[in-house]
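User: I am new to protein structures. Please take me through the terms used for this one.

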Amino acid sequence: MPIKPEPDLLAGPFAKRGTMGPRIAAPDAGSRLPPPKAPSGLRVEDRIGIQAPAEVIWEIVRDLDRWSEWNPTYPQATGQIRIGEVLSVTLALPGQSPQMLTPKVLEWVPNEQLHWQLKMMGGLIRTLRYIEIETLANQSCVVDNGEIFGGLMGPSLGKRMGRTVQRGFRAMNEALKARAEAEWGAGR
């Protein structure tokens, strides 16, 4: 007997709308498989409300070449937002030396989400990074900005670095909010 999807599920690989973190997709109507499980591990996240439409926020997020203009957490980023594409980003967390990372894009949905994965130490540390935009009204959104630390050693790294990572996500969210609200205000 096929499993019927819940009516409030969205496209995306990880969880339902209204929950924090990645959303889980509903199975196809003809599928006999249950939806994929949410990734396990330690979650570090920051959420912020932004008074701008999702389209404005998405245009800022998807333009990696311009992250250097506004993003204190990832001051350099290059690549194409396409499933399977490897990006090149510089991570600059508060009090830490900048690190060059090469994550792989897992999922993206215009005006809604960008997910990428990074594997380190031969897969002993796996992280799932997500930026998700939830529309509340025509000109109001909540942005979830977070990372799930998985793999054998990922949760311990997440515990050790969690506060620093969250401060970085908060700084990024505040900068994204300032940029999106300024662009939306100027374009009206």
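Analyst: Start with contact: it means heavy atoms within 4.5 Å. Among contacts between residues at least 6 apart in sequence, 53% join residues at least 24 apart. The model is predicted: local features need pLDDT of at least 70, side-chain atom pairs count only at pLDDT 80 or more, and totals for chains, interfaces and linings use all residues. Residues are numbered from 1 along each chain as its sequence is written, and side-chain values use heavy atoms, without hydrogens and water.

User: What makes a run of residues a helix or a strand, and how many of each does the chain have?

Analyst: Both are DSSP runs, numbered from the N terminus: helices are H or I with at least four residues, strands E with at least two. The chain has 2 helices and 8 strands. Their order is β-α-β-β-β-β-β-β-β-α.

User: What does buried mean, and what share of the chain is buried?

Analyst: Buried means under 20% relative accessible area (1.4 Å probe, protein chains only). Of the 188 residues, 44% meet that.

User: Why is the largest pocket called a pocket?

Analyst: On a 1 Å grid over the protein atoms alone, a pocket is an open set of points with protein on both sides within 12 Å along at least five of seven lines. The largest pocket holds about 350 Å³ of space. L91, L93, Q99, M120 and L157 are the closest to its centre among 21 lining residues.

User: Which element gives the largest share of that lining?

Analyst: That is α2, with 5 residues.

Definitions and conventions
On a 1 Å grid over the protein atoms alone, a cavity is a set of points where a 1.4 Å probe fits but cannot get out, and a pocket is an open set with protein on both sides within 12 Å along at least five of seven lines; lining residues have an atom within 4 Å of a point. Grid points are joined across faces, edges and corners, and a volume is the space filled by probe spheres set on the points. Buried means under 20% relative accessible area, exposed over 50%, partly exposed in between (1.4 Å probe, protein chains only).
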